[in-house]
Amino acid sequence: MAGLKRKCDQCDKPATHHSVEIVKGQKIEKHLCEEHAIQEGLAIKAVQTPINKLLTNFVKQQSLPSPQPEWVCDQCGMTFTEFREHSLLGCPECYRAFEEPLAPLLERAHEGETQHLGKVPHRVGEGEQRQQHLLRMRKRLEEAVACEDYELAARLRDDIQRLEGQGQVR
Amino acid sequence: MTLRQITDHAGEWLRGVGPQSDTVISSRVRLARNLAGYPFVARASARQHHEVLDRCRAEVMGGRLGEGVLWVDLRESTPLDRQLLVERHLISRQHAGAGGALPRAVAIGADETFAIMVNEEDHLRIQSLRSGMQLDEAFNHVNRIDDLLEDRMEFAFSKRFGYLTACPTNVGTGIRVSVMMHLPALKLTGEIEKVRRAARDMHLAIRGLFGEGSEAMGDLYQVSNQTTLGKPEQEILSEFKHTVVPQIIAYEQQARRALLKQRQAQVDDKVWRAWATLTHAHVIDTEEVLAMLSHLRMGVNMGRIDTVDITTINELFLLAQPAHLQKLIGAEMDPTTRREARAKLIRQRLGQR
Ligand SMILES: [Zn+2]
Ligand SMILES: [Zn+2]
């Protein structure tokens, strides 16, 4: 192939846009000219494409050369690769776990913004840590129920209730 | 209130009486919220789905959101009922379909001005829907519901990212502001493409109301914000109220005036042919009905025809749809029978036999 100018997959013009996607383990190469690249690309589709789909395409393109180690959420076990497949995060903690790879994506989706402005719940404050703690305990509760350790499950339920009670105090 | 009681008339949002109702059909504001300490819906266990559903039911049905709230458990409802709720904009298509067995529900306010989907993509999707241009009313309503729920439930929130949602495109305020607009003249003149481009530049989404693709049936378009992070709720509302909607309205009015000036005969032809078709057809499909209703609606608003009022037309946009039609007739029908029943219903509602 060296030296040979590759043609567009869809017409006879020289291909200027090259991409490789892995779909269900199958490698799919695309070589397109400017015009067909725009047709396939994000710029034109932005209006009609549901945002979720746009995001999937976007994340896939972004990650083409992905030699980085995999990001994993400790709390729910989701990997960043899984997120890319479905464009849905697993739990609130995922935002912390994937903070780095999510940043460019959030910027793109939200006109460059990455810091919340707007409504804040009444009881925000020490809340974030407690929320994290709750999530962890509920995960342990799931595990306890799964291996039929009902004593532990009962104790965890009590703890969860107590912790939630603290959240009610304004 | 039961589902049956809401079938034979349009919801509040289709009454066609709100401000600017000749172009703005309805205003909708939706908030996405998730319970703190649980995985998001797609990652939660069956037990957690039930727990979230039960907790939300207790709060929503506890009387604090008003009397007469209808709770519909979507696992127990028929496909026809779910379709009916989709047609009325009370649940999303996704919520209607969602892998049959997922424990999920919708709570519907007595006058249908609010609806809360539970276990859709997020634990809670709180929406308010009003007729005409009433974004403030819709926002105040969902904001009040959010405050009431927040007294008893803790929502996943971080100072950096705001309200945490399953999809990062909703994170922050979790707000989706949508205005449904009837833009027949922009469609007829081909100017709608310019509106689409302008909207894209403003980070807004424009979708056809009915149908899957980009083609808007009935010339009904839904304009919504896409940015939810780093922009306060009031700023988004303000953009819609003072810039986006007034500009699109002005553009549509300009197109209507141009049509009347340059193509009056063609306009009247379209309007009166629509009337003739709707009052005389004996077999008609949804797509044709929507196209004809759109022309008729435009004709009434431009003063070219006065044989029918806007409320009747708005109602037909809804009642001609498959699930409503079958509920009204009281029988499940195949598409062929539906086309006949639809034509008959329309003739009757338009005062013809
Ligand atoms: Zn090409
Ligand atoms: Zn997670």
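I started with the contacts of B:Q326 in this predicted model. Setting aside neighbours within four places in sequence, I found B:Q326 in contact with B:L80, B:A331, B:E332, B:M333 and B:R338. I then placed the residue: B:Q326 belongs to helix α11 of chain B.

Is B:Q326 buried or exposed? I looked up its relative accessible area and got 7%. The cut-off for buried is under 20%, so B:Q326 counts as buried.

Next I turned to helix α10 of chain B, residues 310-319. I noted that the helix is mostly covered, with 8 of its 10 residues buried. Which residues of α10(B) are buried? My list reads B:I310, B:T312, B:I313, B:N314, B:L316, B:F317, B:L318 and B:L319.

I checked what these buried residues pack against. Their partners in chain B include two strands, β1 (24-33) and β10 (220-225). Helices α2 (79-87), α9 (286-301), α11 (322-329) and α12 (335-349) of chain B are also packed against the buried residues of α10(B). B:Q326 sits in α11, one of these helices.

I also looked at the N-terminal end of α10(B). B:D309 caps it, with a side-chain oxygen 3.3 Å from the backbone nitrogen of B:T311.

Last, I went over chain A. I counted 8 helices and 2 strands, in the order β-β-α-α-α-α-α-α-α-α along the sequence. Chain A has 170 residues, and 37% of them count as buried. I noted an exposed area of about 10300 Å² for chain A, with carbon and sulfur atoms supplying 51% of it. Of the chain A contacts between residues at least 6 apart in sequence, 35% join residues at least 24 apart.

Technical notes:
Residues are numbered from 1 along each chain as its sequence is written. Chains are lettered from A and ligands numbered from 1 in the order in which they are written. This is a predicted model: local features need pLDDT of at least 70, side-chain atom pairs count only at pLDDT 80 or more; totals for chains, interfaces and linings use all residues. Side-chain values use heavy atoms; hydrogens and water are left out. Helices (H or I, at least four residues) and strands (E, at least two) are DSSP runs, numbered from the N terminus. Buried means under 20% relative accessible area, exposed over 50%, partly exposed in between (1.4 Å probe, protein chains only). Contact means heavy atoms within 4.5 Å. Accessible areas come from the Shrake-Rupley method with a 1.4 Å probe; for residues, only the protein chains shown count as cover. A polar contact is a pair of N or O atoms within 3.5 Å; within protein, one must be able to donate a hydrogen and the other to accept it, and residues adjacent in sequence count only if both atoms are side-chain atoms.
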